[in-house]
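Let's walk through this model together, one question at a time. Keep the sequence and the structure open as you read.

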Amino acid sequence: MGLCLAFPAVPASAQGTLDFARQLYNQGRYEQAIAAAARLRTSPTTADGANLVLGRAQLERFRQTADRADLVAARDALRDVQPDRLTGSDRTQYLVGLGEWLFLDESYGPAAEVLQGTLDRIGDMGPRAWDRVFDWWATSLERQVQAGNADDRDVVYNRIRRRAEAELARMPGSTAAAYWLVTSLRSLGDLGRAWDAAMAGWVRARMADDQGVRLRADLDRLVMQAIIPERARQLASADRDRERAATSLRATWDSMKQDWGGR
């Protein structure tokens with residue numbers, strides 16, 4: 001997901017301040033944010049906030065370049081932060097930074113544990129940023145399963161399912177929760193409910209901040225490539241019957257998309 005986890009917005013007039021470095025980060029101007037934050041690291045009053053912005057910006061640059069030097073620099077900046085000096089949303093940003101670093105370092109078990117602790121802090125992040133954290137968390141859990149590092153895959157996917165259900169009750173427009181509900185149900189073998197959840201997710205997608213563009217693309221790919229073939233095999237044993245079932249499911253899916261497409 002192409003989401004930027006933002007610091008609170010600030011006036012553009014605050015050049016040369018920590019707020020300005022945060023603003024550059026929020027705008028996705030990571031090179032400039034890194035330069036601005038680096039200049040503020042030497043002052044005791046701004047060092048911790050500057051290291052936080054610096055570390056987060058370097059993580060985003062790593063996502064763009066895949067240059068491991070950026071990942072190392074981000075770790076060093078985050079390691080220099082004194083967490084007890086942070087207040088308010090900066091403490092959440094710090095935890096997210098740690099979780100993101102572990103995720104990008106492919107340390108998926110620790111990443112999931114750190115990110116789990118941030119999911120109840122939506123007020124400090126905003127819905128789009130929260131979606132990104134949820135996606136990192138769920139992806140970390142799934143990759144543990146894929147790597148064979150989970151003792152019981154069903155326990156993992158039930159954990160994702162329960163959290164996705166709870167978050168959709170709280171935030172019906174959550175793209176990440178809608179997607180991971182379908183994914184977890186499919187992985188648990190509950191293809192009937194995965195199908196229903198995919199259709200519900202498509203209909204509800206317009207509540208998302210991008211009118212459901214990302215979610216609908218992800219759901220369409222998941223339904224067409226995985227759920228329909230697997231559901232057809234579940235419904236019929238003979239090849240001819242499976243193809244008829246798949247054709248019927250595709251027709252139903254296409255009809256629903258047409259009924260609830262964008263206007």
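Here are some questions and answers about confidence, cores, rings and a few single residues.

Q: How far can the model be trusted, and which helix has the highest confidence?
A: This is a predicted model, in which local features need pLDDT of at least 70, side-chain atom pairs count only at pLDDT 80 or more, and totals for chains, interfaces and linings use all residues. Residues are numbered from 1 along each chain as its sequence is written, and side-chain values use heavy atoms, with hydrogens and water left out. The chain averages a pLDDT (the predictor's confidence in each residue, from 0 to 100) of 92, and 94% of the residues score at least 70. Among helices (DSSP runs of H or I, at least four residues, numbered from the N terminus), confidence is lowest in H1 (residues 18–26), at a mean of 92, and highest, at 98, in helix H9 (residues 175–187).

Q: Which helix gives the most to the largest nonpolar core?
A: A nonpolar core is a set of buried Ala, Val, Leu, Ile, Met, Phe, Trp, Tyr and Cys residues joined through side-chain atoms within 4.5 Å; buried means under 20% relative accessible area, with a 1.4 Å probe and protein chains only. The largest such core has 62 residues, and Phe134, Trp137, Ile160, Trp195 and Trp253 have the most contacts inside it. With 9 residues, the top contributor is helix H7 (residues 127–146).

Q: Against which helices do the buried residues of H2 pack?
A: In helix H2 (residues 30–39), the buried residues are Tyr30, Ala33, Ile34, Ala36 and Ala37. They pack, by contact (heavy atoms within 4.5 Å), against H1 and helix H3 (47–65).

Q: Is Glu100 buried or exposed?
A: Glu100 sits in helix H5 (residues 89–104). Leaving out residues up to four places away in sequence, Glu100 touches Arg56, Leu59, Glu60, Arg63, Leu115, Arg132 and Trp136. Because its relative accessibility is 0%, Glu100 counts as buried.

Q: What kind of pair do the rings of Tyr179 and Trp180 form?
A: Rings of Phe, Tyr and Trp (its six-membered ring) pair if their centres lie within 6.5 Å; planes under 30 degrees apart count as stacked, over 60 as edge-to-face and the rest as tilted. The count by this rule is 8 aromatic pairs. For Tyr179 and Trp180 the centres are 5.5 Å apart and the planes are at 85 degrees, so the pair is edge-to-face.

Q: How many Å apart in space are Gly109 and Ser140, C-alpha to C-alpha?
A: Gly109 belongs to helix H6 (residues 108–116). Gly109 and Ser140 are 31 residues apart in sequence, and their C-alpha to C-alpha separation in space is 6.7 Å.

Definitions and conventions. Helix = DSSP H or I, 4+ residues; strand = E, 2+ residues; numbered from the N terminus. Buried < 20%, exposed > 50% of the residue type's maximum accessible area, 1.4 Å probe, protein only.
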